[in-house]
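I opened this notebook to keep a record of what I looked up, entry by entry, for a reader who has not met this structure before.

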Amino acid sequence: DDLDDLLLSCRYGDTEDIQAFLARFGPDPLAAARDDAGNTVLHMVAGNGHTGIVAALPAPASPLPPAAD
C-alpha cells in the first residue's frame with residue numbers, strides 16, 4: 001500500500017520516493033500515515049536521523065488524528 005511504502009521511504013531517508021509520493025498524493029495523507037506501532041512520518045524521519053527531510057516535510061493541512069491506544 002502507498003502509505004506503507006511512504007513510511008518505509010521515511011525510515012530509510014529515501015527523499016526521491018517521498019517527493020514522488022507528495023507529487024502524486026499531496027501533503028494531506030501524511031497526517032494519517034502510521035505504522036503498526038502508531039509511528040508517523042515525522043517519527044520515521046526524525047527517529048532515524050534524517051533531519052534534512054524533517055525540515056522539508058510540508059505541514060499537514062488538516063489536524064493530526066489522535067494516536068491509537
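**Entry 1: A31.** I began with A31, which is buried because its relative accessible area is 5%, under the 20% cut-off. I then asked where A31 sits, and found it in the loop between α2 and α3. Looking across the sequence, I noted that A31 and L42 are 11 residues apart along the chain, while their C-alpha atoms are 9.3 Å apart in space. I should say at this point that I am working with a predicted model, and I keep that in mind for every entry below.

**Entry 2: the chain as a whole.** I stepped back to see what the protein chain is built from, and counted four helices and zero strands, so that, in the order from the N terminus, the elements read α-α-α-α. The protein chain has 69 residues, of which 25% count as buried. I also looked at contacts between residues at least 6 apart in sequence, and 62% of these join residues at least 24 apart.

**Entry 3: two other places in the loop.** I went back to the loop between α2 and α3, where D28 is also found. Is D28 buried or exposed? Neither word fits, because D28 has a relative accessible area of 42% and is therefore partly exposed. The C-alpha atoms of D28 and A59 lie 8.8 Å apart in space, with the two positions 31 residues apart in sequence numbering.

A33 is placed in the loop between α2 and α3 as well, and here the relative accessible area is 0%, so A33 is buried. Which residues does A33 touch, not counting residues up to four places away in sequence? I listed L3, L6, L7, N39, T40 and V41. For one of these, L6, I looked up the C-alpha separation from A33, which is 8.0 Å for two residues 27 apart along the chain.

**Entry 4: how α1 and α2 pack.** Before reading this pair I reminded myself that two packed helices are described by the angle between their axes and the distance between the axes. For helix α1 (residues 2-12) and helix α2 (residues 15-25), the angle is about 145° and the axes are 9 Å apart. The crossing of α1 past α2 is left-handed. On the α1 side the residues that meet α2 are D2, L3, L6, S9 and C10, and on the α2 side they are D17, I18, F21, R24 and F25. Sorted by kind, the residues of this contact are six nonpolar, one polar and three charged.

I took a separate look at S9, which has its place in helix α1. S9 is buried, since its relative accessible area is 8%. With neighbours within four places in sequence left aside, S9 is in contact with D14, D17 and I18.

**Entry 5: the aromatic rings.** I searched the whole structure for aromatic pairs, and one turned up. The ring centres of F21 and F25 are 4.7 Å apart and the ring planes stand at 40°, so I recorded the pair as tilted. Both residues belong to helix α2 and are four residues apart, about one turn of the helix. Their exposure I noted separately: F21 is buried at a relative accessible area of 7%, whereas F25 is partly exposed at 34%.

**Entry 6: the nonpolar core.** I next asked which residues make up the largest nonpolar core. It has 12 residues, namely L6, L7, C10, I18, F21, L30, A33, V41, M44, V45, I53 and L57. The elements giving two or more residues to this core are α1, α2 and α3 (41-47). As background I wrote down that, in soluble globular proteins, nonpolar side chains tend to be buried together.

**Entry 7: V45, one member of the core.** V45 is found in helix α3, and V45 counts as buried because its relative accessibility is 0%. Leaving aside neighbours within four places in sequence, I found V45 in contact with C10, H50, I53, V54 and L57. For C10, which is 35 residues away from V45 along the chain, the C-alpha atoms are separated by 5.1 Å. V45 and C10 are both listed in the largest nonpolar core, and with that I closed this set of entries.

Notes. Residues are numbered from 1 along each chain as its sequence is written. This is a predicted model: local features need pLDDT of at least 70, side-chain atom pairs count only at pLDDT 80 or more; totals for chains, interfaces and linings use all residues. Side-chain values use heavy atoms; hydrogens and water are left out. Axes are lines fitted to C-alpha atoms, for helices over the stretch in contact, and angles run from 0 to 180 degrees between N-to-C directions. A crossing is left-handed if the near helix is turned anticlockwise from the far one by less than a right angle, and right-handed if clockwise. Contact means heavy atoms within 4.5 Å. Ala, Val, Leu, Ile, Met, Phe, Trp, Tyr, Cys and Pro count as nonpolar, Asp, Glu, Lys and Arg as charged, and the others, Gly among them, as polar. Rings of Phe, Tyr and Trp (its six-membered ring) pair if their centres lie within 6.5 Å; planes under 30 degrees apart count as stacked, over 60 as edge-to-face and the rest as tilted. Buried means under 20% relative accessible area, exposed over 50%, partly exposed in between (1.4 Å probe, protein chains only). A nonpolar core is a set of buried Ala, Val, Leu, Ile, Met, Phe, Trp, Tyr and Cys residues joined through side-chain atoms within 4.5 Å.
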